[in-house]
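Subject: structure for you to look at

Hi,

Here is the structure I promised to pass on. Have a look at it first, and then read my notes below.

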Amino acid sequence: MTEKKTLICYQCKVELEMAKTCFEYLGLSFHTNVLKCPKCGLVFIPEDLAKGRMAEVEKQLEDK
Ligand SMILES: [Zn+2]
């Protein structure tokens, strides 16, 4: 059994692929690898990224 998670774009019915994507959040931008639909560009943001990375950014802002 492999642990490889495969996600399918609900619109295009194709597998999401890992892609380096630029995000903007609270006026800051950063690059990270996320699963993205190669057809329509839909990006899947895992919960841990949303919680971890976004919290990091928020912390940086608070420190200023
Ligand atoms: Zn798609």
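Let me start with the hairpin: strand 1 and strand 2 form it with two residues between them, and Leu-26 in the turn has a positive phi of about 50°. The two strands pair in the antiparallel sense, over nine bridges. If you want landmarks along that pairing, Lys-20 stands opposite Asn-33 in strand 2, and Met-18 has Leu-35 of strand 2 as its bridge partner.

Before going further, a word on what you are looking at. This is a predicted model. The mean pLDDT of the protein chain is 81, and 84% of the residues score at least 70. Element by element, strand 2 comes out with the highest mean pLDDT, 85, and helix 1 (residues 47-63) with the lowest, 72.

**The overall layout**

The protein chain has three strands and one helix, in the order β-β-β-α along the sequence. The strands make an open sheet with the order 1-2-3 and antiparallel pairing. Strand 1 and strand 3 are at the edges with a single partner strand each, so each has one side without a neighbour in the sheet.

Strand 2 is joined to strand 3 by two bridges, again antiparallel. Leu-35 is worth clicking on, since its bridge partner in strand 3 is Phe-44, while on the strand 1 side Leu-35 is the bridge partner of Met-18. The hairpin of strand 2 and strand 3 has six residues between the strands, and in this one Gly-41 takes a positive phi near 85°.

As for burial, 20% of the 64 residues in the protein chain are buried. Of the contacts between residues at least 6 apart in sequence, 29% join residues at least 24 apart.

**The zinc site**

Which residues hold the zinc ion? The protein donors are the SG atoms of Cys-9, Cys-12, Cys-37 and Cys-40, at 2.2 to 2.4 Å from the ion. Along the chain these donors follow the spacing C-x2-C-x24-C-x2-C. Cys-9 and Cys-40 link distant parts of the chain: Cys-9 belongs to the segment before strand 1 (17-25), Cys-40 to the loop between strand 2 (28-36) and strand 3 (43-44), and 31 residues separate them.

The arrangement is tetrahedral because the angles subtended by the four donor atoms run from 106 to 113°, and the criterion asks for all angles to lie between 85 and 135 degrees.

Are Cys-9 and Cys-40 buried or exposed? Cys-9 counts as buried because its relative accessibility is 1%, whereas Cys-40, at 38%, counts as partly exposed. Buried here means under 20%, and exposed means over 50%.

Cys-12 is in contact with Cys-37, Lys-39 and Cys-40, once its neighbours within four places in sequence are left aside. Some of the zinc donors also turn up in the largest nonpolar core, which has five residues: Cys-9, Cys-12, Leu-16, Leu-35 and Cys-37. That puts Leu-35 in this core as well as in the pairing with strand 3 through Phe-44.

**A few residues to inspect**

Lys-13 lies in the segment before strand 1. Its phi is near 60°, a positive value in a residue other than glycine. Lys-13 counts as exposed, because its relative accessibility is 61%.

Lys-36 sits in strand 2 and is partly exposed, with a relative accessible area of 27%. Which residues does Lys-36 contact, apart from its neighbours within four places in sequence? They are Leu-16, Glu-17, Ala-19, Thr-21, Gly-41, Leu-42 and Val-43. Although 29 residues separate Lys-36 from Leu-7 in sequence, their C-alpha atoms are 9.3 Å apart in space.

Gly-41, one of those contacts of Lys-36, is found in the loop between strand 2 and strand 3. Gly-41 is partly exposed too, at a relative accessible area of 31%. From Gly-41 to Ala-19 there are 22 residues in sequence and 10.0 Å in space, C-alpha to C-alpha.

If you open just one view, I would start at the zinc ion with its four cysteine donors, and then follow Leu-35 from the nonpolar core out to Phe-44 in strand 3.

Cheers

Technical notes: Residues are numbered from 1 along each chain as its sequence is written. This is a predicted model: local features need pLDDT of at least 70, side-chain atom pairs count only at pLDDT 80 or more; totals for chains, interfaces and linings use all residues. Side-chain values use heavy atoms; hydrogens and water are left out. Donors are N, O and S atoms within 2.8 Å of the metal (3.2 Å for Na, K and Ca); water is not among the atoms, so sites may look incomplete. Four donors count as tetrahedral if all angles lie between 85 and 135 degrees; four count as square planar and six as octahedral if opposite donors are over 155 degrees apart and all others between 65 and 115; anything else is irregular. Helices (H or I, at least four residues) and strands (E, at least two) are DSSP runs, numbered from the N terminus. Buried means under 20% relative accessible area, exposed over 50%, partly exposed in between (1.4 Å probe, protein chains only). Two strands pair if DSSP finds at least two bridges between them. A nonpolar core is a set of buried Ala, Val, Leu, Ile, Met, Phe, Trp, Tyr and Cys residues joined through side-chain atoms within 4.5 Å. Contact means heavy atoms within 4.5 Å. pLDDT is the predictor's confidence in each residue, from 0 to 100.
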